[in-house]
Amino acid sequence: MKVKNWTNLHPRYAGLWVAFMDDEETVISSAKSLKATIDLAKRKGAKTPLLFKVPEERLPYIGAI
């Protein structure tokens, strides 16, 4: 599995739920509520979207796989 870098989501989607297309990089919908994000994604054709809540503030993280 390829590692995904979602750090670029923060400026635009801070504090929102986002749903990704099958490539797990392209945002298909976003909203403040999880339900609204899922509904928008399904209207755009996503059957089971990958969902992620973007943190409101950027925090440092050090980790390894």
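Two residues are in contact when heavy atoms of one lie within 4.5 Å of heavy atoms of the other. By this criterion, and leaving aside neighbours within four places in sequence, Lys-4 is in contact with Asp-23, Glu-24 and Glu-25. The model examined here is a predicted one.

Lys-4 sits in the segment before helix H1, which covers residues 10-13. Its partner Glu-24 belongs to the loop between S1 and S2. Along the sequence, Lys-4 and Glu-24 are 20 residues apart. In space, their C-alpha atoms are 7.7 Å apart. Lys-4 has a relative accessible area of 26%, so this residue is classed as partly exposed. Glu-24 also counts as partly exposed, because its relative accessibility is 29%. Both values fall between the limits of 20% for buried and 50% for exposed.

The backbone at Glu-24 deserves a separate remark. Glu-24 is not a glycine, yet its phi is positive, at about 60 degrees. This residue lies in the turn of a hairpin formed by S1 and S2, with six residues between the two strands.

The overall fold can now be described. The protein chain contains two helices and three strands. Their order along the sequence is α-β-β-α-β. Strand S1 spans residues 17-20, and strand S2 spans residues 27-31. These two strands run antiparallel and are joined by four bridges. Within this pairing, Trp-17 stands opposite Ala-31 in S2. S1 also pairs with strand S3, residues 50-53. That pairing is antiparallel too, and it extends over four bridges. Here Phe-20 stands opposite Leu-50 in S3. S1 thus has pairings with both S2 and S3.

The interior was examined next. The protein chain has 65 residues, and 25% of them count as buried. The largest nonpolar core has six residues: Leu-9, Tyr-13, Leu-16, Val-18, Phe-20 and Val-54. One of these, Val-54, has contacts with residues distant in sequence. With neighbours within four places left aside, Val-54 is in contact with Leu-9, His-10, Tyr-13, Ala-14, Gly-15, Leu-16 and Val-18. Several of these partners, including Leu-9, Tyr-13, Leu-16 and Val-18, are also members of the core. Contacts over long stretches of sequence appear in the chain totals as well. Among contacts with a separation of 6 or more, 43% link residues 24 or more positions apart.

Arg-12 offers a view of the surface. This residue is found in helix H1. Arg-12 is exposed, because its relative accessible area is 66%. Arg-12 and Lys-35 are 23 residues apart along the chain. Their C-alpha atoms are separated by 20 Å.

Values for the whole chain complete the description. The C-alpha atoms fill a box of roughly 35 × 25 × 15 Å along the principal axes. The accessible surface of the protein chain is about 5,200 Å². Carbon and sulfur atoms provide 57% of this surface. The chain carries 11 positive and 7 negative charges. The mean positions of these two sets of charges lie 5 Å apart.

Methods: Residues are numbered from 1 along each chain as its sequence is written. This is a predicted model: local features need pLDDT of at least 70, side-chain atom pairs count only at pLDDT 80 or more; totals for chains, interfaces and linings use all residues. Side-chain values use heavy atoms; hydrogens and water are left out. Buried means under 20% relative accessible area, exposed over 50%, partly exposed in between (1.4 Å probe, protein chains only). Accessible areas come from the Shrake-Rupley method with a 1.4 Å probe; for residues, only the protein chains shown count as cover. Lys and Arg count as positive and Asp and Glu as negative; His and the chain ends are not counted. The place of a charge is taken as NZ of Lys, CZ of Arg, CG of Asp or CD of Glu. A nonpolar core is a set of buried Ala, Val, Leu, Ile, Met, Phe, Trp, Tyr and Cys residues joined through side-chain atoms within 4.5 Å. Two strands pair if DSSP finds at least two bridges between them.
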